Amino acid sequence: MSIIVKIFDMKTTSIVMAQTTIEWTEATWNPSTGCNKVSTGCKHCYAETMARRLKAMGAPGYENGFEFMLMPERLDMPLKIRRPTKFFVNSMSDLFHEQMPFEFLDRVFEVIRRTPQHSYQVLTKREEIMADYFKHRRAPDNVWLGVSVENAQYKKRMEVLRAVDARIRFLSIEPLLGPLGELDLSGIHWVIVGGESGPRARPMSPSWAIEVQRQCDAQGVAFFFKQWGAWGADGVRRSKKANGRILLGQEWNEEPVLMAGKSRP
Ligand code: SF4
């Protein structure tokens with residue numbers, strides 16, 4: 001029985017905690033910072049560029065630039081916020097990084113458990129470590145677990161994600177770097193698609209994005225089109241803002257939502 005329905009985005013326009021410009025979330029929480037590259041989607045990592053800037057500005061947590069660091073002093077941040085908020089966990093790192101101790105992850109997920117008013121979106125390119133962590137632990141109901149799928153080679157991450165018991169599972173197909181072909185979206189509740197931005201961005205063909213949207217539609221999966229990025233639908237390079245986020249004549253802001261009263265067995 002599915003506990004997920006599709007709705008159109010109800011994100012408010014006046015978010016008090018406007019800490020992020022990421023279209024599909026409301027705020028970010030980074031209990032660790034820093035990372036290293038694991039696949040082709042990492043090539044122009046936004047977090048790495050930001051970390052270098054923050055280091056130059058002397059920001060706490062970025063003393064070593066993009067080197068992985070635990071930030072225990074940030075653990076209690078969501079506990080101080082009463083207003084229900086959707087957090088993207090680790091916009092500046094990967095929560096399942098090889099250097100992340102499971103004991104520290106236990107502390108992160110304990111905070112998540114203690115703040116049921118919030119939702120937490122956890123996205124990783126280290127799906128095997130995520131699966132290993134949850135082998136003997138239950139993901140809290142307010143966690144959304146996701147993996148990145150930047151090209152067909154990384155569709156294999158979906159299989160690992162599907163095997164993890166989570167209330168919401170999602171795919172971040174961003175940057176979309178090639179055609180994905182046929183997608184088995186069973187057990188997946190949400191798909192985000194976007195093109196790459198930045199000075200060395202790689203273009204996204206409209207046909208690749210449309211192919212994903214059509215399969216989400218056919219399989220009843222919520223679809224969110226984040227942006228074209230540096231290259232517009234017409235193949236022309238412009239600012240990310242000028243290229244916008246219209247696909248097939250409309251914005252796609254669908255999100256998965258839980259029906260009241262439903263929970264996992
Ligand atoms: S896994 Fe994410 S944060 Fe880490 S290098 Fe790759 S894109 Fe950047």
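Student: Let's start in the sheet. Which residue of E7 stands opposite tyrosine 120?
Tutor: That would be valine 143. Keep in mind that we're looking at a predicted model.

Student: What makes E6 and E7 a pair?
Tutor: The bar is at least two bridges between the strands. E6 and E7 (residues 143-148) have five, in the parallel sense, so they count as paired. Between these two strands the chain passes through helix H3 (residues 127-133), and that β-α-β crossover is right-handed.

Student: And what about E5 and E6: how do you know that they pair?
Tutor: Use that test again: at least two bridges are needed, and E5 and E6 have four, again parallel. In one of those spots, valine 89 has valine 122 of E6 as its bridge partner. The route from E5 to E6 goes through H2, and this β-α-β crossover is right-handed.

Student: Is strand E6 mostly covered or mostly open, and what shows it?
Tutor: Mostly covered: six of its six residues are buried. Look at both faces. Ser119, Gln121 and Leu123 are buried on one side, and Tyr120, Val122 and Thr124 are buried on the other.

Student: Asparagine 90: buried or exposed, and how do you know?
Tutor: Buried takes 20 or more other C-beta atoms within 10 Å. Asparagine 90 has 25, so it is buried. This residue sits in the loop between strand E5 (86-89) and helix H2 (102-114). Its phi is positive, about 70 degrees, although it's not a glycine.

Student: What about leucine 248: is it buried or exposed?
Tutor: Exposed means 12 or fewer of those atoms. Leucine 248 has 12, so it lands right on the limit and is called exposed. Leucine 248 is also a non-glycine with positive phi, near 50 degrees, and its loop runs between helix H6 (240-243) and strand E11 (254-258).

Student: What makes the peptide bond from glutamate 174 to proline 175 worth a look?
Tutor: That bond is cis, with omega near -5 degrees. Proline 175 belongs to the loop between strand E8 (168-173) and strand E9 (190-194).

Student: Which residues touch the most other members of the largest nonpolar core?
Tutor: Leu171, Val191 and Ile192, out of 54 residues. Leaving aside neighbours within four places in sequence, leucine 171 is in contact with residues including Val147, Met158, Val191 and Ile192. Apart from that core lies another, of five residues, with Cys35 and Phe66 among them.

Student: How do the residues of the shell around the ligand divide?
Tutor: Five are nonpolar, two polar and four charged. The shell includes Cys35, Cys42, Cys45, Lys37, Asp94 and Lys125.

Technical notes:
Residues numbered from 1 in each chain as written. Predicted model: local features only at pLDDT ≥ 70, side-chain atom pairs only at ≥ 80, totals over all residues. Core = buried A, V, L, I, M, F, W, Y, C linked by C-beta atoms within 7 Å. Contact = placed C-beta atoms within 7 Å. Near = placed C-beta within 6 Å. Nonpolar A, V, L, I, M, F, W, Y, C, P; charged D, E, K, R; others polar. Right-handed = clockwise from strand over helix to strand, strands pointing away.
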